[in-house]
Amino acid sequence: MKLIEISHNNCVGCTLCEMVCSLFHEGECSNTKSRITIFRDEEFGNNLVSLCIQCADTYCVESCPSEALSRDPKTGAVLVDENACTGCEICVAVCPLGGISYDREKGIVFKCDLCGGDPQCVQFCSRKALTFKETDITAAERKSFMVATEKLLSRV
């Protein structure tokens with residue numbers, strides 16, 4: 001399975017990844033419509049990148065009452081069926097990393113879908129803060145990463 005790997009040390013906070021993501025998915029440059037978010041940790045002077053890490057344990061999929069979320073067998077990404085989503089935001093609440101957002105205009109949720117296997121944010125990150133590569137990371141290791149990232153983001 002290929003996943004987006006984040007190197008927080010390489011991120012300079014330019015937000016190009018946010019703009020490219022929203023342009024690709026929504027046809028406009030808007031950080032609020034991006035599936036990837038950059039947070040500035042002023043206390044420590046770091047930029048923290050947040051996006052769906054395509055958890056092994058998909059609490060979002062399991063919690064969705066309308067079954068609008070499912071895993072793509074080809075890419076491994078959790079996808080949102082916009083026609084089935086009721087906008088209840090239960091998946092937003094159960095996501096431990098804030099990887100799912102709510103679109104107020106459309107009344108539905110949205111999240112990283114790995115751009116169908118060709119993530120645009122990775123292509124345009126000149127600092128290589130984002131890479132898309134094959135991983136052999138286990139479900140337990142992904143959960144450990146999730147907990148560590150959740151702690152980092154709670155400081156921001």
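In this predicted model, His25 touches Arg35, Asp113 and Cys115, leaving aside residues up to four places away in sequence. One of these contacts can be pinned down further: the side chains of His25 and Asp113 make a polar contact at 3.4 Å. His25 sits in helix H1, which covers residues 16–26. Is His25 buried, exposed or partly exposed? With a relative accessibility of 22%, His25 counts as partly exposed, because the buried class takes in values under 20%. There is also a link in space to a distant part of the chain: His25 and Cys112 are 87 residues apart along the chain, yet 9.8 Å separates their C-alpha atoms.

The rest of helix H1 is worth a look too. Which residues of H1 are buried? Cys17, Glu18, Val20, Cys21 and Ser22 are. As for what they pack against, the buried residues of H1 meet strand E2 (36–41), helix H4 (120–124) and strand E8. Just after H1 comes Gly27, and its phi is positive, near 80°.

Next come the charged side chains. Side chains of opposite charge can pair when their charged atoms come close. How many salt bridges turn up when the whole structure is searched? The search finds six. One of them joins the side chains of Lys133 and Glu5, with 3.2 Å from N to O. Lys133 belongs to strand E8 (residues 130–134) and Glu5 to strand E1 (residues 2–6), so this pair ties together parts that lie 128 residues apart in sequence. Lys133 is partly exposed, at 38% relative accessibility, and Glu5 is partly exposed as well, at 41%.

A salt bridge also links Glu26 with Arg35, and here the closest N and O atoms are 3.0 Å apart. Glu26 is partly exposed, with a relative accessible area of 21%, whereas Arg35 counts as buried at 10%. Arg35 has already come up as one of the residues that His25 touches. The pairing does not stop at two residues: Glu26, Arg35 and Lys106 are linked in a network of salt bridges.

What does Glu28 pair with? Glu28 forms a salt bridge with Lys33, and the closest N and O atoms are 3.0 Å apart. The two partners fall into separate classes of accessibility: Glu28 is partly exposed at 35%, while Lys33 is buried at 12%.

Now for a pair of strands. Strand E6 (residues 100–103) and strand E7 (residues 108–111) run antiparallel to each other and pair over four bridges. Which residue of E7 is the bridge partner of Ser101? That partner is Phe110. The hairpin made by E6 and E7 has four residues between its strands, and within this hairpin Gly107 takes a positive phi near 75°.

Glycines are not the end of the story on positive phi. Glu67 has a phi near 55°, a positive value in a residue other than glycine. Glu67 lies in the loop between helix H2 and strand E4 (69–71), and it is exposed, with a relative accessible area of 67%. Leu114 has a positive phi too, about 60°, although Leu114 is not a glycine. Where is Leu114 found? It is in the loop between strand E7 and helix H4. Unlike Glu67, which is exposed, Leu114 is buried, with a relative accessible area of 1%.

Finally, the surface. Which residues make up the nonpolar surface patch? Tyr59, Ile90 and Val94 make this patch, and its area is about 210 Å². Tyr59 lies in helix H2, which covers residues 59–63. At 32% relative accessibility, Tyr59 counts as partly exposed. A residue needs over 30% relative accessible area to join a patch, so Tyr59, at 32%, clears that cut-off.

Note on methods: Residues are numbered from 1 along each chain as its sequence is written. This is a predicted model: local features need pLDDT of at least 70, side-chain atom pairs count only at pLDDT 80 or more; totals for chains, interfaces and linings use all residues. Side-chain values use heavy atoms; hydrogens and water are left out. Patches are made of residues with over 30% relative accessible area and no salt bridge: like charges are joined within 9 Å, nonpolar side chains (Val, Leu, Ile, Met, Phe, Trp, Tyr) within 5 Å. Accessible areas come from the Shrake-Rupley method with a 1.4 Å probe; for residues, only the protein chains shown count as cover. A salt bridge is a side-chain nitrogen of Lys or Arg within 4 Å of a carboxyl oxygen of Asp or Glu. Helices (H or I, at least four residues) and strands (E, at least two) are DSSP runs, numbered from the N terminus. Buried means under 20% relative accessible area, exposed over 50%, partly exposed in between (1.4 Å probe, protein chains only). Contact means heavy atoms within 4.5 Å. A polar contact is a pair of N or O atoms within 3.5 Å; within protein, one must be able to donate a hydrogen and the other to accept it, and residues adjacent in sequence count only if both atoms are side-chain atoms. Two strands pair if DSSP finds at least two bridges between them.
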